[in-house]
Amino acid sequence: MIPDDFKQQLLSRVDIVDVIERHVPLRKAGQNFVARCPFHSEKTPSFSVSPGKQFYHCFGCGAHGNAISFVMEHAGLGYVEAVKELAGMVGMSLPESRPNAVPQNGAPEADLRATLLAAARFYKACLKRSDAAIAYLKQRGVSGEIAARFGLGYAPAGWQSLAEAFPDYRSSAALKDAGLVVDGENGRRYDRFRDRIMFPITDPRGNVIGFGARVFGEAAQEGPKYLNSPETALFQKGQELFGLYQARPAVRRHGRIVVVEGYMDVVSLHQHGVDYAVATLGTSTTPVHVAKLLKLADEVYFCFDGDDAGRKAAWRALENALDQLVDGKQLSFMFFPEGEDPDSYVRRCAADDVWTALPLSELMARELSRQVDLETVEGRAKLLQLAGPLVRKVPAPAFQLQLRRRFAKLAEVTVPELEELFGLRPVVSSPGAARRTGLARSPAMLSLTRWILHAVLNDPSLAARVEPAELDATDRFHPALCGVLELLARCPELGARDICAAAIEAARDGATAGLLREAHAEVLASEKVVSAAEFESALRTLRDRVERRRITELIAKAGRSAEEAEELERLKERVSQRAKQPAESILSSV
Ligand SMILES: [Zn+2]
């Protein structure tokens with residue numbers, strides 16, 4: 001979507017210190033800056049920003065990334081949005097304007113935004129004039145302050161009330177495209193929202209992108225309880241969360257987020273001090289929602305009614321969550337007693353003791369057990385059959401292990417038996433697993449490859465001394481080193497300032513992201529100045545160890561092919577040559 005060289009240019013133009021300093025006060029400490037971490041709550045600063053290497057790292061919670069990551073995590077933006085925002089800061093514009101964002105012949109995005117904002121102001125002004133709407137909010141315990149925080153409004157009962165705010169009411173394309181009016185038969189245009197409490201839905205920066213509307217009072221018997229803006233170029237229901245803009249500071253402070261189903265519930269919860277509550281927009285929880293929520297907080301609580309509909313909705317959320325699960329995060333489900341909703345519940349209880357809930361694994365066990373008879377062999381077999389596909393979806397290893405144990409116990413089988421049945425690789429390492437990763441397990445090798453990676457990150461010009469053929473071998477020891485070397489082979493112009501940020505970009509969401517994070521933490525802790533001779537000597541040692549290992553491997557192998565026999569001879573020759581040569585002559589021959 002966004003070309004790699006654009007991302008790299010962007011990263012080399014922005015200064016991560018500027019980007020972070022806009023939101024977090026930084027203090028200089030040696031070559032770096034430190035601050036209290038914006039991603040977890042702490043008293044002493046463990047959040048470091050490296051101006052020389054253009055990345056941040058928190059030694060407390062492991063938050064880690066480049067300028068793009070910071071904008072994404074801190075503002076809760078999507079990747080493209082974050083890149084756009086940063087590009088705007090340094091006066092660059094995205095090479096390709098998204099052609100699908102605005103429907104053909106539709107109103108431009110800027111018009112939609114201006115129209116939505118004007119409508120939100122109009123509804124807000126109308127609320128002040130409507131005694132009935134004010135009485136309803138008061139009766140729900142909503143204070144003026146909370147109403148203002150959410151920008152609540154009132155859509156008057158008339159059919160064309162918006163005409164008061166929009167002189168071009170009859171002709172405006174933006175009003176139609178923003179979903180505020182409906183063009184009826186014989187061309188008569190009328191307001192979509194009438195006689196309802198209006199809840200502006202905002203993007204993570206607080207811009208209005210749509211509305212949710214709730215009936216109240218006498219009208220409550222007619223029509224649906226909630227009515228939403230239709231999906232528009234700006235507003236996709238399956239992605240947005242109501243109240244996120246208002247909840248973000250508290251979410252960050254508590255490391256916790258509560259997800260409910262109604263807008264009014266969010267407002268009530270904030271009113272009662274649960275100011276980390278958000279709502280899905282009249283849709284079930286989607287995988288996009290779950291991914292977003294898990295990025296924002298370590299503990300995510302989904303709240304549902306205790307009835308059948310609530311249980312079904314919870315199960316759908318669970319299914320959508322499985323392949324988004326991340327170790328170290330906790331997803332829980334909470335069911336309100338029948339006849340209660342979050343609003344009445346939180347009014348009855350103190351805010352803090354509200355959130356006792358079922359962890360995801362327990363909900364899964366409970367719901368699946370309900371469908372079978374665990375007293376019988378057939379029932380237990382059926383349980384495994386039901387659980388298998390769900391457990392397999394979970395990418396987080398520790399989490400999956402928990403689930404394996406839970407279901408093995410329920411079905412009265414051992415964990416290895418269950419793994420066999422589910423076709424899962426055993427978590428506990430077997431001789432087979434050790435063989436697959438045997439070389440990488442050697443601590444000497446690990447520390448050597450890490451040393452080399454550290455040296456390259458501090459001085460990328462060293463990478464030119466690594467032979468391309470070596471990449472292959474390195475891959476088996478330290479994939480993050482290999483990734484960095486490949487990156488440098490593609491972009492030899494990358495310097496010490498930008499290598500870390502570029503490596504984070506290249507490894508974004510990839511398997512090596514964790515290894516890079518560790519390497520960068522080491523880089524922060526110590527600048528390693530390495531001479532070319534030292535570096536080459538390390539490479540030589542690595543090459544030597546790789547070849548000796550391979551020799552051992554080949555000798556141990558029973559049926560060697562002709563090529564393997566040849567390889568063995570060649571390696572033996574090389575290793576013995578190297579042993580005979582004095583170090584200096586090897587250095588000069590590289
Ligand atoms: Zn932190």
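In this predicted model, one helix pair is brought together by Arg380, Leu383, Leu384, Ala387 and Val391 of α15, which meet Gln400, Leu403, Arg404, Phe407, Leu410 and Ala411 of α16. Sorted by class, the contact of α15 with α16 holds eight nonpolar residues, one polar residue and two charged residues. The axes of α15 (residues 377–393) and α16 (residues 397–411) approach to within 10 Å and cross at roughly 170 degrees. Because angles over 145 degrees count as roughly antiparallel, α15 is roughly antiparallel to α16.

Helix α16 also packs against α17 (residues 415–422), with axes that come within 9 Å and cross at roughly 105 degrees. The two helices, α16 and α17, are therefore roughly perpendicular to each other. On the α16 side the contact involves Arg404, Arg405, Phe407 and Ala408, and on the α17 side Val415, Leu418 and Glu419. Here the classes come to four nonpolar, no polar and three charged residues.

Turning to the strands, an open sheet of four follows the order β6-β9-β10-β11, and its pairing is antiparallel. The edges are taken by β6 (153–155) and β11 (226–228); each has a single partner strand, so one side of each lacks a neighbour in the sheet. On average, and with direction ignored, neighbouring strands of this sheet are turned by 35 degrees against each other. Within the sheet, β9 (residues 196–202) and β10 (residues 208–214) run antiparallel and are joined by six bridges. For a handy reference point when viewing the strands, methionine 198 has alanine 213 in β10 as its bridge partner.

Key: Residues are numbered from 1 along each chain as its sequence is written. This is a predicted model: local features need pLDDT of at least 70, side-chain atom pairs count only at pLDDT 80 or more; totals for chains, interfaces and linings use all residues. Axes are lines fitted to C-alpha atoms, for helices over the stretch in contact, and angles run from 0 to 180 degrees between N-to-C directions. Angles under 35 degrees count as roughly parallel, over 145 as roughly antiparallel, 65 to 115 as roughly perpendicular and the rest as oblique. Two residues are in contact if their C-beta atoms, placed from the backbone, lie within 7 Å. Ala, Val, Leu, Ile, Met, Phe, Trp, Tyr, Cys and Pro count as nonpolar, Asp, Glu, Lys and Arg as charged, and the others, Gly among them, as polar. Two strands pair if DSSP finds at least two bridges between them.
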